[in-house]
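Colleague: I have a model open and would like to learn how to read it. Could you walk me through it?

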Amino acid sequence: WARRLDCNMSGRSDKTKQKIFETMVELMGQRGYQGVSVDEVAAAAGIAKGTLYYHYKGKAEMMEALLEDRLEPAIANLKEIEKEAREDAGYALRKLIVAEFEFLYTQRSFARVLLTELWREDRGWQDSVRNLRQQIVDIYTRVLNAGIAQGHFRDDMPIGYGASAIFGLAATSVLDHLMFDPTASVDEVRENLLFVVLGVVKKQS
């Protein structure tokens with residue numbers, strides 16, 4: 001009975017956290033991090049302010065938890081794709097780019113929040129977001145190195161910069177599409193992104 005009670009309480013707690021996260025994404029996607037207060041998140045989520053503070057000390061901790069909740073599963077997926085680089089790094093790189101693009105496209109409100117806040121230096125959760133970003137860049141770095149070793153990619157590119165640039169280009173392509181060219185076909189945007197990246201990194205025969 002006690003175990004069932006713990007499971008029920010844990011389930012309710014997870015649902016409450018997801019409701020908080022969904023509300024944060026909706027509000028901050030419209031007004032940014034600074035434009036949304038803890039009181040507004042609680043009211044829009046339909047939960048008591050005390051309940052929110054039971055889970056988090058404040059808005060910075062809420063934001064850190066949101067980033068981890070959304071990005072950690074995405075990073076786990078990228079790491080699974082990375083394994084395919086052992087056989088064909090070119091194919092793995094293509095899948096990584098598509099996976100990042102589609103993750104941000106399907107979570108477009110979160111993408112706006114992430115890309116708006118990613119490069120700010122005055123946030124309490126900046127160390128966490130830098131660590132999460134670095135994990136993604138490291139995956140791209142390892143795949144690029146594998147592609148060079150396999151003879152698929154050019155060996156004169158700056159690997160670290162290239163990995164960072166690919167991550168940034170995939171992310172900003174989504175934001176640019178959503179904000180400035182929303183009528184364009186998402187398939188066309190994705191294929192254009194792949195054409196540009198793969199055209200640069202592939203070894204010319």
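**Reading helices and their packing**

Modeller: Gladly! Keep in mind that this is a predicted model. A good place to start is helix 7 (residues 126-149) and helix 8 (residues 159-180), which pack at an angle of about 120 degrees with their axes 8 Å apart.

Colleague: How should I read that angle: what is the orientation of helix 7 and helix 8 to each other?

Modeller: Angles of 65 to 115 degrees count as roughly perpendicular, and those over 145 as roughly antiparallel. Helix 7 and helix 8 are therefore oblique to each other. As for handedness, the crossing of helix 7 past helix 8 is right-handed.

Colleague: Which residues in helix 7 and helix 8 meet?

Modeller: From helix 7 come Arg133, Ile136, Val137, Tyr140, Thr141, Leu144, Asn145 and Ile148; they meet Ile159, Gly162, Ala163, Ser164, Ile166 and Phe167 of helix 8. Sorted by class, this contact has nine nonpolar, four polar and one charged residues.

Colleague: What span should helix 4 have, and how far apart are its end C-alpha atoms?

Modeller: Count 1.5 Å a residue: the 24 residues of helix 4 (residues 59-82) should then span 34 Å, and the end C-alpha atoms are 34 Å apart, so the two agree.

Colleague: Where in helix 4 does a kink lie?

Modeller: Look at Leu71, shortly before the proline Pro73: helix 4 has a kink of about 30 degrees there.

Colleague: And how many helices and strands are there in the protein?

Modeller: The protein has nine helices and zero strands, giving the pattern α-α-α-α-α-α-α-α-α along the sequence. Taken along the principal axes, its C-alpha atoms fill a box of roughly 65 × 45 × 30 Å.

Note on methods
Residues numbered from 1 in each chain as written. Predicted model: local features only at pLDDT ≥ 70, side-chain atom pairs only at ≥ 80, totals over all residues. Heavy atoms only, no water. Axes fitted to C-alpha atoms, helices over the stretch in contact; angles between N-to-C directions. Helix = DSSP H or I, 4+ residues; strand = E, 2+ residues; numbered from the N terminus. Parallel < 35°, antiparallel > 145°, perpendicular 65-115°, else oblique. Left-handed = near helix turned anticlockwise from the far one by under 90°. Contact = heavy atoms within 4.5 Å. Nonpolar A, V, L, I, M, F, W, Y, C, P; charged D, E, K, R; others polar. Expected span 1.5 Å × (residues − 1). Bend = angle between axes of the 7 residues up to and from the residue.
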